[in-house]
Amino acid sequence: MKFMVIRKADKDTEAGVMPTEQLVTDMLKYNEEMIKAGVMLDGMGLQPSIKGARVRFDNGKPTVIDGPFAETKELVAGFSLIQVKSREEAIEWVKRWPKIDGGGNVEIEIRQVYEAEDFGAEFTPEMRKHEAWLRDAAEKRSATPR
Amino acid sequence: MRFMVIVKANKDSEAGVMPTEKMLTEMGKYNEELVKAGVMLAGEGLQPSSKGARVRFDGKTRTVTDGPFSETKELIAGFWLWQVRSRDEALEWLKRAPFTDGEELELRQVFEMEDFGAEFTPELREQEKRVMAEAEKNRSKS
């Protein structure tokens with residue numbers, strides 16, 4: 001099973017407050033444990049929403065709104081992608097998140113990722129093959145950045 | 001530069017409404033263009049928050065709350081990871097995404113190692129490189 005682990009934003013992440021050396025150390029140690037267990041697939045931090053944008057589609061037409069976005073509770077500050085045997089295992093890993101993050105005060109959301117077997121007949125055999133090909137090609141790209 | 005493109009949730013995604021064959025076809029075409037242009041690095045759809053959980057950290061306590069979560073505006077339904085030359089390029093691709101009505105997407109720049117300062121010491125940078133190379137191996141086996 002795959003899960004996305006979402007580190008929600010707070011006023012510090014939105015203000016671009018950088019992590020301390022201790023937090024970077026603790027986070028790397030935590031990531032390294034998850035990697036060695038074969039659990040961690042990817043992970044990264046997101047820059048504050050002031051550098052971002054939103055695009056809304058109405059009747060097929062896109063409208064762009066630049067950040068920052070005031071509703072911090074709606075924002076993501078970072079995420080990782082993990083592979084585990086159960087939802088319980090995902091929660092156990094997340095409970096071990098570096099305790100000094102956010103001054104000991106953070107909220108992490110765990111969401112299950114859709115995999116091919118979760119879809120029905122609308123995801124035709126041809127589409128499934130195509131998707132597998134796309135994932136493979138994209139995976140090769142992520143190993144060799146432009 | 002890398003960007004995360006976040007597809008925000010709505011009541012359909014939270015209700016587990018599956019995409020139609022037409023939508024899947026159009027998305028497949030769009031994803032193929034992204035891959036061919038060397039832009040697409042990753043992409044995933046997320047199951048409704050009813051299958052998820054939140055863990056709140058408060059000093060020493062850890063509180064687990066099971067989904068669903070009612071504030072749909074705080075939820076995401078999926079994401080892409082893109083590699084582009086500029087924010088403008090990312091926006092150009094984003095405006096061409098096959099969404100038609102009321103969907104909202106958010107573009108956020110990813111932190112790269114060069115964005116960090118001295119707190120990310122040379123040793124920590126080396127460790128990060130190793131860790132990420134191992135993560136990539138986990139991905140290719142997944």
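**View 1. Strands S3 and S4 of chain B, with B:Arg56 standing opposite B:Thr63 in S4(B).** In this predicted model, strand S3 of chain B, which runs over residues 53–58, pairs with S4(B) in the antiparallel sense, and the two are joined over six bridges. The facing residues B:Arg56 and B:Thr63 are a place from which a reader can begin to follow the two strands.

**View 2. An open sheet of six strands that takes in strands of chain A and of chain B.** Read across the sheet, the order is S2(A)-S5(A)-S1(A)-S6(A)-S3(B)-S4(B), and the pairing is antiparallel. At the edges lie strand S2 (40–45) of chain A and strand S4 (61–66) of chain B, each of which pairs on one side only. On average, and with direction ignored, neighbouring strands of this sheet are turned by 15° against each other. As general background, the strands of a sheet pair through backbone hydrogen bonds, in either a parallel or an antiparallel arrangement.

**View 3. Strand S3 of chain A paired with strand S6 of chain B.** Here residues 53–58 of chain A, which form strand S3, meet residues 104–109 of chain B, which form strand S6, and the two strands pair in the antiparallel sense over four bridges. Within this view, A:Arg54 can be found opposite B:Glu106 in S6(B).

**View 4. The side of chain B that touches chain A.** In the contact between the chains, 67 residues of chain B are in contact with 69 residues of chain A. The element that gives the most to the side belonging to chain B is helix H4, covering residues 122–141, which supplies 10 residues. Sorted by class, this side of chain B has 27 nonpolar, 19 polar and 21 charged residues.

**View 5. The two domains of chain B.** Chain B is divided into domain 1, with residues 2–110, and domain 2, with residues 118–142. Taken over C-alpha atoms, the centres of these two domains of chain B are separated by 25 Å.

**View 6. Chain A and its helices and strands.** Chain A contains four helices and six strands, and along the sequence these follow the pattern β-α-α-β-β-β-β-α-β-α. Along its principal axes, the C-alpha trace of chain A spans about 50 × 45 × 30 Å, and of the 146 residues in this chain, 32% are buried. Among the contacts in chain A with a separation of 6 or more, 73% are accounted for by residues 24 or more positions apart.

Note on methods:
Residues are numbered from 1 along each chain as its sequence is written. Chains are lettered from A and ligands numbered from 1 in the order in which they are written. This is a predicted model: local features need pLDDT of at least 70, side-chain atom pairs count only at pLDDT 80 or more; totals for chains, interfaces and linings use all residues. Two residues are in contact if their C-beta atoms, placed from the backbone, lie within 7 Å. Ala, Val, Leu, Ile, Met, Phe, Trp, Tyr, Cys and Pro count as nonpolar, Asp, Glu, Lys and Arg as charged, and the others, Gly among them, as polar. Two strands pair if DSSP finds at least two bridges between them. Axes are lines fitted to C-alpha atoms, for helices over the stretch in contact, and angles run from 0 to 180 degrees between N-to-C directions. Domain bounds come from an automatic or database domain assignment. A residue is buried if 20 or more other C-beta atoms lie within 10 Å of its own, exposed if 12 or fewer, and partly exposed in between; C-beta atoms are placed from the backbone.
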